[in-house]
Amino acid sequence: MAGAVSVANDDAQGLGARFYHEAPLSVRPLTPVFGSEVVGATSIMGSPAWLERVLNQLWGRYGILLFRDCNFTEPGEVAFSRMFGELEIHGRHEYNSKTNPELLYVTNRRDLGLPDDAISNSELEWHTDQSYLPRPAMGSLLYAVEVPDEGGDTYWADTAAAYDRLPEKTKARIAGLRAVHNHGRVEAQYGVKINEFQAKRSSRIESHPVVRTHPITLRKTLYLASTVVTHIEGLPAAESDALLAELYAAMTEPDLVYRHRWRPGDAVLWDNARVIHRRDGFPEDKIRFMRRTTIRPPSEISIPF
């Protein structure tokens with residue numbers, strides 16, 4: 001593969017200054033800024049310890065990882081996801097797999113026994129998973145079972161690179177500011193209901209730093225999501241709205257965005273502390289069936305700072 005970097009199959013892999021050496025893995029950058037396709041990872045039997053180390057290093061380096069032609073069974077998807085951390089069982093249990101509850105069904109199919117308010121085919125705006133919680137999700141892995149032949153593309157934007165590009169004057173202005181993340185904004189905009197468990201868990205309206213320090217890489221990122229952020233604390237409404245618009249524009253500059261056109265068997269792992277994502281709508285008569293696992297951060301690094 002042209003431009004690919006290879007990874008060695010040996011127990012010492014993942015240690016030292018280099019990330020990888022030679023086959024069976026190869027890595028192809030998805031953009032000049034962030035994201036990589038990793039080829040060969042899901043065909044390695046037994047998930048050896050070196051593979052987990054390498055994939056976690058690559059995840060920290062690139063922010064999102066794409067794996068093609070995975071052919072995951074439900075247990076296989078769960079096992080693969082566990083290489084990246086503790087898995088959450090989603091609070092809306094009726095959306096979860098009945099046999100593998102770590103898997104959340106993200107689909108507009110109506111033959112799976114899902115509630116009437118299951119996700120529709122409409123566009124979903126920029127967000128990062130669970131930022132409205134005191135212990136937000138660290139990672140998410142989305143696997144494509146069935147995809148429409150048009151629409152339904154997913155986009156990711158690199159908020160660490162966006163922060164790096166900000167003028168020093170803007171960095172100084174936003175240092176120490178906090179933004180309010182309120183799940184009620186999602187409910188109002190998309191009609192997404194929550195059950196009693198979720199209501200208790202998200203009953204507090206969380207504020208998180210506008211500039212988040214990534215708990216693993218220690219890079220600074222812009223930690224904002226237009227679907228849930230209502231305002232920046234301590235600023236007049238007009239000033240807050242203007243600053244948020246400025247920062248959202250910086251976060252979604254075209255060269256900081258990766259657009260993924262799904263095909264069945266694709267799996268994408270992303271870092272919710274570094275990237276935001278959105279999804280295109282797709283025709284109402286088309287089916288899109290995805291399965292998602294959610295990776296929780298270790299408790300000692302769970303609170304954004």
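Threonine 73 caps the N-terminal end of helix H2 (residues 74-81), with a side-chain oxygen 3.0 Å from the backbone nitrogen of glycine 76. That counts as a polar contact, meaning a pair of N or O atoms within 3.5 Å; within protein, one atom must be able to donate a hydrogen and the other to accept it, and residues adjacent in sequence count only if both atoms are side-chain atoms. The model is a predicted one, where local features need pLDDT of at least 70 and side-chain atom pairs count only at pLDDT 80 or more, while totals for chains, interfaces and linings use all residues. Residues are numbered from 1 along each chain as its sequence is written, and side-chain values use heavy atoms, with hydrogens and water left out.

Helix H2 itself has a clear inner side. Glu74, Glu77, Val78, Phe80 and Ser81 are buried in this helix, where buried is under 20% relative accessible area, exposed is over 50% and partly exposed lies in between (1.4 Å probe, protein chains only). Looking down the axis of H2, these buried residues fall within an arc of 165 degrees, so they line one face of the helix; the arc is taken from the directions between the helix axis and the C-beta atoms. An α-helix has 3.6 residues a turn, so residues three or four places apart point the same way. The buried residues of H2 pack against helix H1 (49-62), strand E4 (64-67), E5, E6, strand E8 (139-146) and E18, a contact being heavy atoms within 4.5 Å.

Strand E4 turns out to be covered on both faces: Ile64 and Leu66 on one side, Leu65 and Phe67 on the other, are all buried. In a regular strand the side chains alternate between the two faces of the sheet. Strand E3 (residues 36-39) runs parallel to E4, and two bridges join the pair; glutamate 37 stands opposite leucine 66 in E4. Strands count as paired if DSSP finds at least two bridges between them.

Zooming out, the chain has seven helices and 18 strands, these being DSSP runs numbered from the N terminus (helices H or I, at least four residues; strands E, at least two). Of its 305 residues, 53% count as buried. Among contacts in the chain with a separation of 6 or more, 78% come from residues 24 or more positions apart.

Two open sheets are described here. One has four strands in the order E7-E17-E9-E15, with antiparallel pairing. Its edge strands are E7 (124-127) and E15 (257-260), each pairing on one side only. On average, neighbouring strands of this sheet are turned by 15 degrees against each other, direction ignored; the axes are lines fitted to C-alpha atoms (for helices over the stretch in contact), and angles run from 0 to 180 degrees between N-to-C directions. E9 and E17 run antiparallel and are joined by five bridges, with threonine 154 opposite arginine 279 in E17.

The other sheet has three strands in the order E11-E10-E14, again with antiparallel pairing. Strand E11 (206-209) and strand E14 (229-232) stand at the edges with a single partner strand each, so one side of each is left without a neighbour in the sheet. Here the average turn between neighbouring strands is 30 degrees, direction ignored. Strand E10 (residues 178-181) pairs with E14 over three bridges in the antiparallel sense, and valine 180 has histidine 231 in E14 as its bridge partner.

As for charged pairs, the structure holds 21 salt bridges, each a side-chain nitrogen of Lys or Arg within 4 Å of a carboxyl oxygen of Asp or Glu. Glutamate 88 forms one with arginine 296, the closest N and O atoms being 3.9 Å apart. This pair links distant parts of the chain, 208 residues apart: glutamate 88 sits in the loop between strand E5 (86-87) and strand E6 (104-107), and arginine 296 in strand E18 (residues 289-296). Glutamate 88 is buried at 5% relative accessible area, whereas arginine 296 is partly exposed at 22%.

Aspartate 158 and arginine 274 also meet in a salt bridge, at 2.9 Å from N to O. Aspartate 158 belongs to strand E9 (residues 154-158), and arginine 274, 116 residues apart from it, lies in the loop between strand E16 (267-271) and strand E17 (275-279). Both aspartate 158 and arginine 274 are buried. Finally, Glu123, Asp153, Arg259, Arg278 and Asp280 are linked in a network of salt bridges.
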